[in-house]
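Student: I am new to this structure and would be grateful for a guided discussion. May we proceed by question and answer?

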Amino acid sequence: MSTGAMAGAGAEAGGELGETVRELREAYGGGRTRSLAWRQAQLRGLLRLLKEKEAEAFQALHKDLGKHHAEAYRDEVGVLIKSANGALQQLGKWMAPDRVWVPLIAWPATAQVVPEPVGVVLIFSCWNFPLGLSLEPLIGAIAAGNAVALKPSELSPCTARFLADNIGNYMDASAVKVVNGGPEVGEQLMEHRWDKVLFTGSPRIARSVMAAAARHLTPVALELGGKCPCIFDAAAASARDLQVSANRIIAGKWSPCAGQACIAIDYVLVEERFAPVLIKVLKSTLKRFFQDADHMARIVNQRHFERLSSLLKDRAVAPSILHGGSMDAKNLYIEPTILLNPPLDSAIMTEEIFGPLLPIITVKKIEDSIAFVKAMPKPLAIYAFTRDAALRRRVVEETSSGSVTFNDAVVQYAIDGLPFGGVGQSGFGQYHGRHSFEMFSHKKAVMKRGYLLELTLRYPPWDESKVTLMRYLYRFNYFAFVLAFLGLRR
C-alpha cells in the first residue's frame, strides 16, 4: 500500500472513530444512561449475552489462547455472571446519596454525597483474559451510568470479534460501542477527549496512554502487574497443609492462562531446608493436574513464546531448571517449568515473567523474605502461605502491594468486596463490585441551607470578638461559644 493510500485509510478510520465518539457523547448527553432502568437493562442484556452465547465465548477463548472451557468459565464467564448479578442486586443502594454530618452551627442544613457518572469513558482491555478484562470494568462503567467505548486487545482477535459482533445486540448500541483494531486505533482513540480512561496492559504502553490523556487532562486508571511474590513458610505446615499449598500455588501460577496473568505468582520464596520437599510435591501435583496438556492454556503468540524461551535459554539460567522446560513452538506450548535459584540479576528475576516458568528462591530464614520483597518494585499482589500470625502481620505492615492473600492465590480477584488494583509501578485505580461503580463515578458534594439563622461573625468588618467566636466554633465548643456570644465569657 502506498503512503498516500495508508494516510487515506488512517484518515478514514479517524473519521469513523470521531463519529463513534460523537454518538457516545450524544447518547450520554441525552441523559438516558443516568436512569436506574437503563443501567439495569444493560446489565440484564449482558447476562443474556453470557448465557445465550456461552459456547461461542468458549470457542473464541480457545482459539485465542487454547483455554479449556472449564478454565474459561472459572476465570472469565462465571466471574462475569457473578459480578453482573451482584451489580444488579446492589445498584439501587450504590446510586443512593450518602447523607453526611453537618455541624450544628450550620442548622438548618443538610449535606449529602451524590454519585454521578463521569461521562463518556474508554476501556482498553488486555489479551490474557480478553472477555473478563473487557466486561468486568464495563459492568462498573454502565452501572455508574456512563456511555462506554471498549477497545479489546488485537492480540486476542477471536474474542475481540465476538465482543464486536454481540455487544450491540444485547446492549444499547448507541451508548456502548466496541472499537476493534491495532495499536494505531488505540492511538487515534486517545486523540479524542474522554471523561475517564481505564487501561489494562504493560507499563510501556501505559506511559503512552498517560501522555496522550494528559493533553486533555483526562483521568486515567492503570491496571498493570509486576512480579507477584509467594512466600512459603513450611515451618508449622502439616503434610496436608503442604499438599493444599501446592495445589493452590499451581492454581495461582500455571492454571490461570498458563501463568499469563498479572496476578499470577511470579516466584516463590522458601527457606533452604524446605525447598526440596516443596519442589517434590509441586512436581507430583503438576503431573496429576496436567496429565492432559490441553488442560493448560497456550502462549498467546510467537513473539511472547520467543520471549519466554529466551528466559530459559539464558546460559546463566539454564542450569537452574529442575523440572519441565520443554517447548513446542508449533503449538505455542511451554511445559510447566520449575527453576531453583536462577541468578537474581537475570531477566527471569528482573522482568515480569508472564508465563509458565516458576523460579524458587531460597532464603536462610523465612523472615528474610520480607526484605527481599521490599527491595523489589511494588507488586499487584503478595501471597504468603503460613500459619505464623507474626509473619502475616509483618507482611501486611511492612510491605506494599495492591493486595495480600494468605494461604491461597489469585482468588482475591473474584471477591467483589475487595478492591482490585495496583500501587506504584503495578498501577493505580481500583475496581470490582462497588469499587467499579465508584471508579466510574464522581462523588458530588451537595449542601442545602435554610434562611432561619444568620451568623454575621463570618463577614467583615472584623474585630477580635469575631475571631474569638470563630475559635470556639472550629473547635465545636458550642457551650463556650454561647457564653461568649451572650457576653458572659471573655
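Student: In which loop is Trp 107 found?

Tutor: This is a predicted model. In it, the strands that flank Trp 107 are strand 1 (98-99) and strand 2 (109-117). Trp 107 is therefore placed in the loop between strand 1 and strand 2.

Student: Is Trp 107 buried, partly exposed or exposed?

Tutor: Buried means under 20% relative accessible area, and exposed means over 50%. The value for Trp 107 is 47%, so the residue counts as partly exposed.

Student: About how much accessible area does the nonpolar patch with Trp 107 have?

Tutor: Trp 107 forms this surface patch with Leu 104, Leu 452 and Leu 453. Together, the four residues have an accessible area of about 450 Å².

Student: Which strands stand at the edges of the open sheet of six strands?

Tutor: The order of this sheet is 5-4-3-6-7-17, and its pairing is mixed. An edge strand has a single partner strand, so one side of it is left without a neighbour in the sheet. The strands in that position are strand 5 (176-178) and strand 17 (427-428).

Student: Which residue is the bridge partner of Leu 222 in strand 17?

Tutor: Strand 7 (residues 220-223) pairs with strand 17 in the antiparallel sense, over two bridges. In strand 17, the partner of Leu 222 is Phe 428.

Student: What angle does the direction of helix 8 make with that of strand 7?

Tutor: Helix 8 (residues 203-214) packs on this sheet and touches strand 6 (196-200), strand 7 and strand 17. The angle between the directions of helix 8 and strand 7 is about 175°.

Student: By how much are neighbouring strands turned against each other in the open sheet of seven strands?

Tutor: That sheet has mixed pairing and the order 10-13-14-9-8-15-16. Strand 10 (321-323) and strand 16 (404-406) are its edge strands, each pairing on one side only. With direction ignored, the average turn between neighbouring strands is 25°.

Student: Which residue in strand 14 is the bridge partner of Val 270?

Tutor: Strand 9 (residues 267-271) and strand 14 (residues 357-363) are paired in the parallel sense over four bridges. The partner of Val 270 in strand 14 is Thr 362.

Student: At what angle does helix 14 run to strand 16?

Tutor: Helix 14 (residues 389-398) lies across strand 8, strand 15 (382-385) and strand 16. Helix 14 runs to strand 16 at about 170°.

Conventions: Residues are numbered from 1 along each chain as its sequence is written. This is a predicted model: local features need pLDDT of at least 70, side-chain atom pairs count only at pLDDT 80 or more; totals for chains, interfaces and linings use all residues. Side-chain values use heavy atoms; hydrogens and water are left out. Patches are made of residues with over 30% relative accessible area and no salt bridge: like charges are joined within 9 Å, nonpolar side chains (Val, Leu, Ile, Met, Phe, Trp, Tyr) within 5 Å. Accessible areas come from the Shrake-Rupley method with a 1.4 Å probe; for residues, only the protein chains shown count as cover. A salt bridge is a side-chain nitrogen of Lys or Arg within 4 Å of a carboxyl oxygen of Asp or Glu. Buried means under 20% relative accessible area, exposed over 50%, partly exposed in between (1.4 Å probe, protein chains only). Two strands pair if DSSP finds at least two bridges between them. Contact means heavy atoms within 4.5 Å. Axes are lines fitted to C-alpha atoms, for helices over the stretch in contact, and angles run from 0 to 180 degrees between N-to-C directions.
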